[in-house]
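Student: Could we take a close look at the aromatic rings in this model? I would like to go through them slowly.

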Amino acid sequence: MKRSQPPRKQSGQPSRSAGAPARQFEKRPESRPGRKPARAARKLPANTPPLELTVETLGVRGDGVAQLDNKRYFVPLTVPGDRLLVRPVEETGDGIRAEILEMLEPGPDRREPPCGHFGRCGGCTLQHMTEDSYRAYKQALLLEAVAREGIDPELIAELVTVPPRSRRRAILVARKLAQGTVLGFHEHRGHFIVDIEDCTVLAPALQAVLPPLRVLLDALLPAAGNARATLLSLDGGVDLLLDLPETPDLAGREALAGFAETADLARLSITIEGGTPELLAERRAATLSFAGIPVAVPPGGFLQATAEAEAALRDAVLAGVGKAKSIADLYAGCGTFSLPLAAEGAAVHAVEGHAPALEALAAAGRKAGAALKLTTEKRDLAGDPLSGAELDRFEAVVFDPPRTGARSQAAALAKSNVPIVVAVSCNPATFARDMRLLLDGGYRLERITPIDQFLWSAHLELVAVFRRT
């Protein structure tokens, strides 16, 4: 297995012996109101003596947590009950990060991970947990986040899961080395790229593209060149957006067009260092249907990572708004919720800040005809949220912000008279913050549905329904 070298080796970075687990660290949690900024991390000397620890619990980023001499240690790739010999590597305001030197005694919830890349690839960090302990951990992520706000655990539904090999959207990175091009995912918080031969979360249609794509990039990239590939599995087949370091010449363009044919892609587009996408080949319509309405997805566009999770999110949103006839869908994207809501007969106003996504949604609405009551608005909701007065004309509001949450929009909702608010979130921590704003504004939480869209990771999606008291 090839592994890329980092662009630069950081001074003072300790080397890793062959066969040792890849160094992985939890990212520091997002700041919370009233929380002091995290202290800058401090690398510990390479000759720091090893320690024996027993993991007690898992943190919000999936790392094992242990206590010793009134210090807290975070150790990745562990489960509660693991007795370990570890080496401390970094000290932060949250505790000390450590890496495994030796497994002395495994915990009862440990199992053999299903993927041969586990321990090196940063994409999945929880494959070593038994199914029951994994589900309990995911449920606890949400429970812990809302418990601080005094929420009754009975309001949290059972976790909705997705199967392996169902991920229909993935972003991979590539680098051309002297021994060949590597294509895969970064190590967690590292520059190394793990060359992925078989991924246990990718949908088969995306997995099939990887071997020929690696060969193509090996021919296209300059020495030490990097690329990024965004793969989508759409109704018409695989959509590929390649971000390249330089504009391909005529031979390169011919190679790309030929690849679209041999790999049976629906569409192939390129960008140069993150620029504007350029369409090179479109063999079939690059569309995805929501409630039977096809949407021309922009190259590399955002969509829910799995069809199963999208269905669970959609059903929870539809149930939450109930019989509301006028609905605002905020952070609407390409129409994951707007179109199903409009298909049910509601008048939907979709608001989105990303122009290509909103344009695709608007075009789909126009093609669907006048029977679909859909209006659209381009707006940066983080900097310019809908005011209470603008919101009051709706019977329900749905909002699905990025991981940073919707602080400004939630504050405006709290001052509105909207009867029903349905919050969709991919971050329990920022959801809890936004929930508190709604609760303080007079809303009552009715239920929360957790959805495990990103299998074997510490990420969790959810849908929460609020009603004004």
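Student: Which residue lies over the face of Y443, and at what distance from the ring centre?

Tutor: Happy to help! This is a predicted model, where local features need pLDDT of at least 70, side-chain atom pairs count only at pLDDT 80 or more, and totals for chains, interfaces and linings use all residues. Residues are numbered from 1 along each chain as its sequence is written, and side-chain values use heavy atoms, with hydrogens and water left out.

The residue over the face of Y443 is R468, at 4.1 Å from the ring centre. A charge sits over a ring if NZ of Lys or CZ of Arg is within 6 Å of the ring centre and within 35 degrees of the ring normal. The charged end of R97 likewise sits over a ring, that of F74, 4.4 Å from its centre.

Now for rings that pair with each other. Rings of Phe, Tyr and Trp (its six-membered ring) pair if their centres lie within 6.5 Å; planes under 30 degrees apart count as stacked, over 60 as edge-to-face and the rest as tilted. The structure holds 1 aromatic pair. The ring centres of F431 and F466 are 6.4 Å apart and their planes meet at 45°, so this pair is tilted. It joins distant parts of the chain, 35 residues apart: F431 belongs to helix α10 (residues 428-440) and F466 to strand β24 (residues 461-468). Helices (H or I, at least four residues) and strands (E, at least two) are DSSP runs, numbered from the N terminus.

Buried means under 20% relative accessible area, exposed over 50%, partly exposed in between (1.4 Å probe, protein chains only). F431 has 3%, so it is buried, and F466 is buried too, at 0%.
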